[in-house]
Amino acid sequence: MSNHKDDQPDVPDASDIKRILDYDYPDIQKHLIEEAAKKASQETGEEIDPYEPYYTTDAKGQRILHMSFDSWWLREYDERDVLLGLPGISILHTQHWTAGSAAVTIDYAYQREEAGCFSEEDILAHIERFPQGQFVAIRTGGPGAGNAVGMASAMRTSRPPTAPVLPWVEAIGDYQLAAHEPEGDWLYGVEVAVNPIYRRNGIGTALYKVRFDLARALNLRGWYAVGMLMGYHDYAEQMDVREYGQKVIAREIKDPTVTMQMNRGFRAVKVVTDYDDEPQAGDAGVLIVWENADYSAR
């Protein structure tokens, strides 16, 4: 808070207000909900759960229903779990209460009409196998608060990026990351998705940052993945996917996925065909590698 003369109360300045609105909303909301329930408990003599609908009776005998349709998530939310904060968004390790909306986010990102890729059950399995490598971006205010708008998944592998590239499902073992190796010295990028409505708000950048931080924290050799050539459909009538990928690597064409990854510090190595069933990308991608400059052999 801003400091003023002793005889004047502290008045929040613009930066204080921005901090409160952008980052402290969940804690403020939790406090208000819990205090209201505590007061109601004292008045009624009943133990009231602040995160479930409950009634109180006013002085006129009228029953009042207390509930908030978008406060369910606050029971589980803890500010100490936040890895990065953005305006109205928190980046966390994926937790059980975020698994369902993380799965839905993938479908939104790829504009699928039917559920595909990872289910809620799969994401819960990822958490069990490698909790450190699972990330989610959730809304912390307004309609839809508590739901994911972005997600990322990674696993560890001892298979280096110089080995022959395996198709996606074979590389990860199965949809529950059976190929994860707890002692693997490389991070493998499994999936990243941002709801299209929320793109260009720094969510993708934040999800990349926390995975770079993870590779450093675990002292891994680096991180690699195959970035899907999601812009190929615009060029499919002009060239085959291998030629398109080579032009993307040479920076003659900007691809919405691979060029972005190159700009974030990945080295584009080669085109990988028949990597995953993604018609928009011609089922192809580019092997991208980031070497950890801070890696120390033990």
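Which element gives the largest share of the lining of the largest cavity? Keep that in mind as you click along. One thing before we start: the model on your screen is predicted.

**Stop 1: the cavity**

Rolling a probe the size of a water molecule over the atoms shows where empty space is left. A search of this whole structure turns up 1 cavity of 30 Å³ or more. The space inside the largest cavity comes to about 30 Å³.

To see its walls, select T94, A102, I123, Q134, F135, M151, A152 and S153, the residues that line the largest cavity. Now colour β5 (134-139) and β6 (148-157), the elements that each give two or more residues to that lining. Here is the reply to the opening question: β6 provides the largest share, with 3 residues.

Try colouring the lining by class as well. You should find 5 nonpolar residues, 3 polar ones and no charged ones.

**Stop 2: helix α7 and its buried side**

Next, select V241, Y244, G245 and V248 in α7, which are buried. Where do these residues sit around the axis of α7? They cover an arc of only 95°, so they are on the same side of the helix. An α-helix has 3.6 residues a turn, so residues three or four places apart point the same way.

Now show what lies over them. The cover on the buried residues of α7 includes α8, β9 (267-272) and β10.

**Stop 3: T257 in the loop**

Follow the chain on from α7 (241-249) and pick out T257, in the loop between that helix and α8 (258-263). Is T257 buried or exposed? T257 counts as buried because its relative accessibility is 18%, and the cut-off for buried is under 20%.

Show its surroundings too. Setting aside neighbours within four places in sequence, T257 is in contact with G227, M228 and M230.

**Stop 4: salt bridges**

Side chains of opposite charge can pair when their charged atoms come close. The count for this structure is 7 salt bridges, and we'll visit some of them.

Start with R80 and D78. They form a salt bridge in which the closest N and O atoms are 2.6 Å apart. Switch on the surface here: R80 is exposed, with a relative accessible area of 73%, whereas D78 is partly exposed at 24%.

Then jump to helix α6 and select D213 and K209. Their side chains meet in a salt bridge, 2.8 Å from N to O. Why are these two about one helical turn apart? Because they lie 4 residues apart in α6 (residues 203-217). Both ends have some surface showing: K209 is partly exposed, with a relative accessible area of 39%, and D213 is partly exposed at 31%.

Stay on this helix and add R216, then D294. The side chains of R216 and D294 meet in a salt bridge of 3.7 Å, N to O. R216 belongs to helix α6 while D294 is in the segment after β10 (285-291), so this pair ties together parts that are 78 residues apart in sequence. On the surface, R216 counts as partly exposed at 37%, and D294 is exposed, with a relative accessible area of 54%.

For the last view, keep K209, D213, R216 and D294 selected together. Salt bridges that share partners join these four into one network.

Note on methods:
Residues numbered from 1 in each chain as written. Predicted model: local features only at pLDDT ≥ 70, side-chain atom pairs only at ≥ 80, totals over all residues. Heavy atoms only, no water. 1 Å grid on protein atoms, 1.4 Å probe; cavity = no way out; pocket = protein on both sides within 12 Å on 5 of 7 lines; lining within 4 Å. Points joined across faces, edges and corners; volume = space filled by probe spheres on them. Nonpolar A, V, L, I, M, F, W, Y, C, P; charged D, E, K, R; others polar. Buried < 20%, exposed > 50% of the residue type's maximum accessible area, 1.4 Å probe, protein only. Contact = heavy atoms within 4.5 Å. Arc of directions from axis to C-beta.
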